[in-house]
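Please open the model in your viewer and keep the sequence panel beside it. The tour below proposes one selection after another and describes what each of them shows.

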Amino acid sequence: MGQALGCIIVGQSNVAIKEHFGKFDDVLQPGCHCLPWCLGYQIAGGLSLRVQQLDVKCETKTKDNVFVNVVASVQYRALADKASDAFYRLTNTKEQIQSYVFDVIRASVPKLELDAAFEQKNDIARAVEDELEKAMSAYGYEIVQTLIVDIEPDVHVKRAMNEINAAARLRLAANEKAEAEKILQIKKAEGEAESKYLSGLGIARQRQAIVDGLRDSVLEFSENVPGTTAKDIMDMVLVTQYFDTMKEIGASSKSSSVFIPHGPGAVRDVAEQIRDGLLQANASPNLLN
């Protein structure tokens with residue numbers, strides 16, 4: 001109805017291409033425009049100035065001979081001051097952009113190994129954007145942004161990469177576990193050594209206290225009971241310790257001691273055996289000399 005009356009309305013963020021007898025005449029901005037079709041004026045078409053997005057999936061090969069699918073996302077828009085170029089100079093804008101993306105990706109990715117391709121996604125995207133900017137600006141388009149949104153290797157390669165990663169993590173976990181067990185063993189050994197050292201100190205001090213007590217007892221007994229010898233005193237001490245031991249064994253309800261034939265007189269025999277053993281030990285070096 002509007003065109004029949006010679007009027008046309010152009011929507012916001014759009015432009016219309018006006019022709020006069022088939023020749024480009026003007027770019028109509030958003031708003032209402034008078035278009036006397038009877039005088040040869042007509043609208044050849046419209047053009048959106050909004051930002052558009054094109055996702056391009058390109059298959060290529062890396063330097064280490066791994067085939068990957070690279071997905072690039074290109075955001076672009078037509079320039080209002082170059083709307084005529086954007087409308088007349090390109091038949092299919094998306095195919096044109098796709099061709100340039102293919103060209104740059106297939107020239108960049110084969111120079112990189114697979115791991116490097118993942119690490120340098122931004123560099124690949126920048127190279128694609130620079131190439132598109134130079135090429136598409138001549139056709140009245142602006143490249144807003146280019147992103148490499150995905151690099152997808154073959155499913156078998158992906159599975160192998162996951163297995164390698166899993167094996168590396170398991171190896172690291174095993175090393176950490178072994179190191180922890182090593183530290184535990186070292187600490188345990190250090191603790192046992194320290195325990196034995198302290199136990200030895202305790203036994204040494206105990207024996208020293210026993211020797212000191214026996215010496216004091218012998219000296220005191222010799223002073224208070226004239227005529228006694230050190231041998232008599234030691235025999236008496238052994239008998240006393242014997243009866244103390246028997247008393248402790250009898251007082252314990254859970255004793256598991258094994259009794260052998262013995263009597264109080266056996267204490268003297270034990271004392272004599274100890275003294276004989278000491279005398280033989282002292283005599284052996286003299287015999288050898």
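**A tour by selection**

Begin by selecting H33, which is found in strand 4 (residues 31–34); helices (H or I, at least four residues) and strands (E, at least two) are DSSP runs, numbered from the N terminus. The model is a predicted one, in which local features need pLDDT of at least 70 and side-chain atom pairs count only at pLDDT 80 or more, while totals for chains, interfaces and linings use all residues. Residues are numbered from 1 along each chain as its sequence is written, and side-chain values use heavy atoms, with hydrogens and water left out.

With H33 still selected, add G6, which lies 27 residues away in sequence and 8.4 Å away in space, C-alpha to C-alpha. Leaving aside residues up to four places away in sequence, H33 touches G6, C7, I8, V10 and L28, where contact means heavy atoms within 4.5 Å.

Next, select strands 2, 3 and 5, which form an open sheet in the order 3-2-5 with antiparallel pairing; two strands are taken to pair if DSSP finds at least two bridges between them. Strand 3 (23–28) and strand 5 (41–48) stand at the edges with a single partner strand each, so one side of each has no neighbour in the sheet. From one strand to the next the twist averages 30°, the axes being lines fitted to C-alpha atoms, for helices over the stretch in contact, and the angles running from 0 to 180 degrees between N-to-C directions. Looking at one pair within this sheet, you will find that strand 2 (residues 14–20) and strand 5 are joined in the antiparallel sense over seven bridges. To see a bridge in place, pick V15 and then its bridge partner in strand 5, L47.

Move on to helix 2 (residues 93–108), whose 16 residues reach 23 Å from the first C-alpha to the last, close to the 22 Å expected at 1.5 Å a residue; the expected span is 1.5 Å times one less than the number of residues. Which residues of helix 2 are buried? They are T93, I97, V101, V104, I105 and S108, where buried means under 20% relative accessible area, exposed over 50%, and partly exposed in between (1.4 Å probe, protein chains only). These residues cover an arc of only 95° around the axis, which puts them on the same side of helix 2; the arc is that of the directions from the helix axis to the C-beta atoms. To see what covers them, add elements including strand 6 (52–61), strand 7 (67–78), helix 4 and strand 8 (141–153).

The last stops are salt bridges, of which there are five, each defined as a side-chain nitrogen of Lys or Arg within 4 Å of a carboxyl oxygen of Asp or Glu. In helix 4 (residues 121–136), select R126 and D123, which are three residues apart and separated by about one helical turn; their side chains meet in a salt bridge (3.0 Å, N to O). R126 is partly exposed at 46% relative accessibility, and D123 is partly exposed as well, at 41%.

Further along, K134 and E131 form another salt bridge (3.9 Å, N to O), with K134 exposed at 61% and E131 partly exposed at 28%.

Finish in helix 5 (residues 155–224), where K187 and E190 are three residues apart and form a salt bridge whose closest N and O atoms are 3.9 Å apart.
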